[in-house]
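Reader: Could you walk me through this one slowly, since I am new to it?
Author: Gladly; here it is.
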Amino acid sequence: MTAGRKTAEQKNVQHLIFISLFLLIEILLIRRSFYGFNTADEMYYIGTSELLYRGGKLLVDDWHPAQQLSGFLLHPIYSLIRAALGSTEGIVMASRFLYLAFEGIITLLLYLRFQRRGMVSYGPALLFLLFVPFGLYGMSYNCIEFGALTILLAVLSAKMEHSIPEYLLCGMIMAALVLANPFALLLYIAYGLICLVITLLNRKKKQQTEGALSFRNFLWMTLGAGIILVFFLIFVFQRGTITEVLDNIPCILADQEHQSKGFWYKTKRYFELCFKSYRFMFCGLGAVYLATLLDRKRFEHGVLYMALASVFVFPSLLYYGFAAEHIPINYQMLPLAFWCLEAYFVTKHKDRRLFYGWYLPAMAFTMIVHFASNTGIVNISAAYSLCSCVGLVFAAQWLKEIWSLEGKKQRILRGAGSAAVCAVVFLQFLGSFHLRMSYICGEDAMPLLTQRMERGPLKGVYTSPETAQWYEEVLAELDSLHMTSQDRLLVVGVAPWIYLYAEAGCGSYSTWQVHEGSTQLYDYYALHPEKYPNIIYIIHWADDFPDWELSKYFDKGGFEVVYQGTGTAMMTPERARDMRRNEN
């Protein structure tokens, strides 16, 4: 058998194993997607798309900044799904399947990116497949930003020349990243400055600049981003006027949930949050890093340093993978990233392209995510998933390097090094798989989710019998209100899914929750009097609502209670009379 034929057969076996693992995991994830009713974030993501589908004006009607810009990206796909369904019944399951497709495509791209490295390619691809931001299915700005950046880093860090169309496409993906997280513009500007400096230096040396660092190619990317910008502006101004946008943007930027407290505060807070959540690990790894960098024989002592690094990350992987509560699927992604950094330090023949072209930009992005978010360490840890995925390649490179050594002593070191790497990687994947299959944000454990919901936006989803009963009672109460598209509904409480079910228009600045101390509604109705509700449905805090300052605001409109049950319904006098007339 020739060497070429043997290599081809090995490649075929490699591909076959990967596809088998990929399909097996996908089947398990499809099954998992039928379970869990997250009443807040996931429903809000879909609710934003539904508002746009119903004709909502981007940057005008919605004042919640988090999801609406990425809603523009999702609008064509959501519209196709919505048109195919004919209503919002079952829209949650459709959204979850869309997320699985999105995640699966990027997983395959990651495998193709690293396939030449053999079975090492399984690591980055399958780790990405098992990770999901916040443990939530559904297309959101979080998964779009992580997915878009992963594609960009995979393409631009590759040692190959790209065509102009490919750079245009990269620019379009960069535009998607900025729409999902506007702070990512800082990353793009920094990349442009690096390209400019390197191009000028190489021109002075009369050397050619490689493709991904060429300022000319950066300009092609900028043109690609500009194409998306044109479509975005067309979409915005087809529905709203420039005056409306300018009037509403200050209110969007004044969002009370995402107020920035300044650059230095957020920067300091980033390091405080990381150290607070992983104090033992960072103290231990800090000592290991220092010893490694000061050791002139660090490559010979690499097994010792990797073993020590493994000892310090093991408790975090165990705790956040199997014991912790509150979105541990995010917390588990950070420790591996810093363990892999030690693998890079002790590798003699380093892959500097991956380190500078992927790992460091991904690490910088964790800070950008922190600046854009109010969720602290939860989002920071999630963003480190991009470092962890590529970091597995560093660990594999180090392992390959020590396996090339000869001698009895080296065999012992190979065994010890292999044991340390296998233990950490196994625990990471086992924890990730366990969390992905068992953790359900805002819900009971999966074995308790035995009741299938049979109608409404959550049709086909399994939840606990108690939650299913509550859900059905709320739907029945909403049906009794006989809402039409002419009505405007305000939901008090965390229940964006109600806007998905009701035919009434949204009588709020967002499908997200209304806060007790919020003054945004006053400003919103001043600019949008046509959005003033004639129906208020209070699903949470019904007993406390009469004491709110916000309640006194609606007292001026003469709202009266027309129903009290699972929720409380209030209507304007005119709408209440119409409902009673219809009942009679």
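Reader: Which residues form the negative surface patch?
Author: The patch is made up of Glu 516, Asp 543, Asp 544 and Asp 547. Patch members have over 30% relative accessible area and no salt bridge (a side-chain nitrogen of Lys or Arg within 4 Å of a carboxyl oxygen of Asp or Glu), and like charges are joined within 9 Å. This is a predicted model, in which local features need pLDDT of at least 70 and side-chain atom pairs count only at pLDDT 80 or more, while totals for chains, interfaces and linings use all residues. Residues are numbered from 1 along each chain as its sequence is written, and side-chain values use heavy atoms, with hydrogens and water left out.
Reader: And where is Glu 516 placed?
Author: Glu 516 is in the loop between β4 (505-506) and α22 (520-527), where helices (H or I, at least four residues) and strands (E, at least two) are DSSP runs numbered from the N terminus.
Reader: Is Phe 134 buried or exposed?
Author: Phe 134 has a relative accessible area of 10%, so it counts as buried, a word that means under 20%, with exposed over 50% and partly exposed in between (1.4 Å probe, protein chains only). Although Phe 134 is not a glycine, its phi is positive, at about 65 degrees.
Reader: Switching to the sheet, what is the strand order?
Author: The open sheet has 5 strands in the order β4-β3-β5-β7-β6, with mixed pairing, and two strands pair if DSSP finds at least two bridges between them. The edge strands, β4 and β6 (560-564), each pair on one side only.
Reader: How many bridges join β6 to β7?
Author: There are 4, and the two strands run antiparallel.

Notes
Patch = residues over 30% accessible without salt bridge, like charges linked within 9 Å, V, L, I, M, F, W, Y side chains within 5 Å. Areas by Shrake-Rupley, 256 points an atom, 1.4 Å probe, with all protein chains shown as cover. Lys, Arg positive; Asp, Glu negative; His and termini not counted. Charge placed at Lys NZ, Arg CZ, Asp CG, Glu CD.
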